[in-house]
Structure formats: C-alpha cells, structure tokens
Amino acid sequence: MEMNGLHRYPPTSDHSLQVVSAADELLLAWAQEQPPARRGTIVAHDRFGVLALGAPAPTHFLATFHSQEEALRRNASADRYPQVYSLFDTLPDVDRALMRIPKSVDLFEVYLSRLAAQVTGELTVAAGFMTRHFTPRWLEVANRYAAAVTQTRARKKARLLLMQEFRPAGPQVPWSEVSYAGKTYRQYHGVFSAKHIDYATQFLLGEWDSFAATLPPPAHILDVACGNGVIGDQLLGRYPDARLTATDDSRLAVESARLNLPTGRSRVLYDHTLGEIGDGSVDLVVTNPPFHFGYENNLDVSLGLFQQARRVLRVGGQLIVVANRHLNYRTHLERWYGVDTVRQNEKYVIYRCDRRR
Ligand SMILES: C[S@@+](CC[C@H](N)C(=O)[O-])C[C@H]1O[C@@H](n2cnc3c(N)ncnc32)[C@H](O)[C@@H]1O
C-alpha cells in the first residue's frame, strides 16, 4: 500500500488498491511542466494528500471529508503541511488548481463553483480522471463555469480536463431540495441521493413503526452517516423525548443536516470514526451505511462504523442497519451483536443488532 512514503487512509483490506493513481501522476507531471504558479495552487478531491504534498509548493488543501483531513495529517510532514480550507471558507485567489474528478458530478460542480467564486485573475484548473470513468456530463458542468475547456491526451489510461477563462460565480455553495413525508429537506450539491430520499432509507422509515414497538423508547439516538439528516429527523418526530447526535464524513452532508435538524434537540458532528462519542452513551444507533469509497466498492468503512457503534451503545441498546441485501452484512454484524433480520424486500434488508454485553 505504500508509495513515496504515502499511505491510504482509511486503511483497506484490499491490497490491490493504490495510494497514487495514474490520474494523480499525470496531474503532478503536468504541474511540474508548467511555469511556477504565481499565486499558489489549490488542490481539491485529493483523498490522501498525494497532490497537496507532491505538487510544487505552496499548495492549499480544499477539504471535503473528515477522513481526507486525517489522511493529510498522517501523510504530511512538519516541513510540508498545506493550509486547509473547507468548502464554506473564502478560498485564496490562486492561479492554479489541481483536482481529481469525483464520482459525484454534483460535487465536481461544487468544486468548480467554489473556485470560480474566488477568481479575480487568470485561473487554470487541471482535473484528472481515469478514462474509463469519463462522462460527457463533466463537460456540461465545466462549460458552465469556464469558457475554455480542453482535454489532454491519455497517458496510462488517465487524462486531464483543462479549464480556463472562468466566469464569475456567486459565493453560495449550490444546493437543492428533496421532499419526504410532507417535509422539505435542503441539501448542498454533492450530498448523497440528491433527487429523492434514498430508497433504502425510505424502506427503513416506511417499515419503522411495524417493527419498532419492541424497542425501548430511546433517550439518545445516533444517526451514523446521516447525509442530509432525514433519518434522524424522522426519528425525532417519532420519539418526542429523545435527543439526537448525527455524524457524517462529508462536510457538505454535515452542513445540510444542520439546516434540517432542530437545533435544540440535535447536534451534528463532522466525524468519520465516532471518536467524539462516549462509551455506552447511546440507546439507539441507526444507519444506512456507506459502501462506496469514490469509485471503489468498499465495506471496510461500514464495518469499522459497526464496530464503533457497539462501543458507543449502552449494554442492551440496539443498532438498526438498512442496506442492500446483496452486501450480506449479517455475517459481519454477528461478530459484535445478536442479529435479527426484522424486514426485507427483494432489494433491501433491515437488521436489528442487539448489544448484549
Ligand atoms: C448511504 S449514505 C446515507 C445518507 C443518509 N443517511 C440518507 O439516508 O440519505 C451514506 C453516508 O455515509 C457518509 N460516510 C461515508 N463514510 C463515513 C464515515 N466514516 N463516517 C460517517 N459517515 C460516512 C457519506 O458521506 C454519506 O452521506
């Protein structure tokens, strides 16, 4: 897993996954060939800090995920630690940006809108991708923000999209609305399931009352991987005396959930390990867990969260998981919990997992 002294984080059990991709190499080679950036370089969607630590200094790191900030912290050294910005900060007025194109086209748009909002002079954005992931939707988005959009030749199955002549953009992070059960949820672009509430989540919430009668009413609920906060919000409606903690690895999700959840009864943490939540402090954990890491299908993250959920649950508390059936989480969950399959249809399954000791 090691390359140039850098490591993937979160660690993965799949040893075929590399820390540096051909798209990163192409971006770094391109940056080396250019005249020095006069006003510095912003890097975006750099999951492990490969671009921020490999491109000519000074670099500024645009952080989208809590786990990404931890990856940078682990890989950086005292003499090379880029300045970190969030998507909600005013960005420095640089003349160059390097990014990996994310799987979410909406998130790609968020990056371009944030860069366009800060630009006063010339800006060149180089966006790297593996050619097998190419979609013409990237060009539609790129052309909305930049008047000059070109592509380089492919090298090792990677290519760059080069964007210049940016049009001015407003300071707002783009957002949209989704409705569920008579309520409207706001979410920033790039948050999971933009057009409708996720169908697994709808299955969980639709079935909740049919199996939850046997659960003791919770005083403290934890919504892990909360996205726009819809699960936690709907459960607060069902349990009027409960308070909620919600967590997500994505800054855009956290800020969306903060727009949607009642402030007096909830807190939303930008977090990827449940690290800030005390042992045995939660009565009920609910999750529709992540099973992708970018383009990779990856259960390592969700299995880590299930294990942490056991730690934060009180003895006698429950973890409720909704997931695609084919992921077969049950065999994993049985390592830590007493597991009951409470509902399933042809696509999704709901597990009730009891912390017994
Ligand atoms: C399947 S979505 C569910 C979102 C939301 N609960 C819903 O039902 O719409 C999974 C969420 O997991 C988040 N995520 C990924 N890794 C995470 C981690 N280590 N800790 C917390 N959230 C994480 C993603 O940002 C995404 O919002």
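Student: Which residues is Ile197 in contact with, leaving aside its neighbours within four places in sequence?
Tutor: Val178, Tyr180, Gln202 and Val230. Keep in mind that this is a predicted model.

Student: Where is the place of Ile197?
Tutor: Ile197 lies in a loop. That loop runs between strand E9 (183-188) and helix H6 (199-211).

Student: Why does Ile197 count as partly exposed?
Tutor: Because Ile197 has 19 C-beta neighbours inside 10 Å. A residue needs 20 or more to be buried.

Student: And what separates the C-alpha atoms of Ile197 and Ile231?
Tutor: 9.9 Å in space. Along the chain, Ile197 and Ile231 are 34 residues apart.

Student: New topic, the sheet. In what order do the seven strands come?
Tutor: The order is E12-E11-E10-E13-E16-E18-E17. The sheet is open, and its pairing is mixed.

Student: Which are the edge strands?
Tutor: Strand E12 (266-270) and strand E17 (338-344). Each of them pairs on one side only.

Student: How many degrees are neighbouring strands turned against each other on average?
Tutor: 20 degrees, with direction ignored.

Student: Which helix packs on the sheet touching E10, E11, E12 and strand E13?
Tutor: Helix H7 (residues 230-238) does that, and strand E13 covers 282-287. The direction of H7 makes about 160 degrees with that of E10.

Student: What about helix H9, what does that touch?
Tutor: Helix H9 (residues 300-312) also packs on the sheet. H9 touches E10, E13 and strand E16 (313-324). Its direction makes about 155 degrees with that of E16.

Student: Let's stay with E10. How many bridges join E10 to E11?
Tutor: Five. Strand E10 is residues 220-224, strand E11 is residues 243-248, and the two run parallel.

Student: Which residues stand opposite each other there?
Tutor: His220 stands opposite Arg243 in E11. Asp223 has Ala246 of E11 as its bridge partner.

Student: And how does E10 pair with E13, parallel or antiparallel?
Tutor: In the parallel sense, over four bridges. Here Val224 is opposite Thr287 in E13.

Student: Is E10 mostly covered or exposed?
Tutor: Mostly covered. Four of the five residues of E10 are buried.

Student: Why is E11 said to be largely enclosed?
Tutor: Because five of the six E11 residues are buried.

Student: What does E11 do on the E12 side?
Tutor: E11 pairs with E12 in the parallel sense, and five bridges hold that pairing. One of the partner pairs is Thr247 with Leu269 in E12.

Student: Which elements make right-handed β-α-β units?
Tutor: E10, H7 and E11 make one. E11, helix H8 (residues 251-260) and E12 make another.

Student: Switching to domains. What does the domain assignment give?
Tutor: The assignment gives domain 1 (22-166) and domain 2 (175-354). Taken over C-alpha atoms, their centres are separated by 31 Å.

Student: How many residues does the contact take from each?
Tutor: 16 residues from domain 1 and 14 residues from domain 2.

Student: Which helices supply the domain 1 side?
Tutor: Helix H3 (66-75) and helix H4 (105-118) each supply at least two residues of that side. H4 gives the most, with four residues.

Student: How do the residues on the domain 1 side divide?
Tutor: Six are nonpolar, six are polar and four are charged.

Student: Back to H3 for a second. Why is H3 largely enclosed by the rest of the structure?
Tutor: Because seven of the 10 residues of H3 are buried.

Student: Which ones are buried in H3?
Tutor: His66, Ser67, Gln68, Glu69, Ala71, Leu72 and Asn75.

Student: What do the buried residues of H3 pack against?
Tutor: They pack against helix H2 (50-54), strand E2 (59-63) and strand E3 (83-86). They also pack against E12, an edge strand of the sheet we went through.

Terms used:
Residues are numbered from 1 along each chain as its sequence is written. This is a predicted model: local features need pLDDT of at least 70, side-chain atom pairs count only at pLDDT 80 or more; totals for chains, interfaces and linings use all residues. Two strands pair if DSSP finds at least two bridges between them. Axes are lines fitted to C-alpha atoms, for helices over the stretch in contact, and angles run from 0 to 180 degrees between N-to-C directions. Two residues are in contact if their C-beta atoms, placed from the backbone, lie within 7 Å. A residue is buried if 20 or more other C-beta atoms lie within 10 Å of its own, exposed if 12 or fewer, and partly exposed in between; C-beta atoms are placed from the backbone. A crossover is right-handed if, with the strands pointing away from the viewer, the path from the first strand over the helix to the second runs clockwise. Domain bounds come from an automatic or database domain assignment. Ala, Val, Leu, Ile, Met, Phe, Trp, Tyr, Cys and Pro count as nonpolar, Asp, Glu, Lys and Arg as charged, and the others, Gly among them, as polar.
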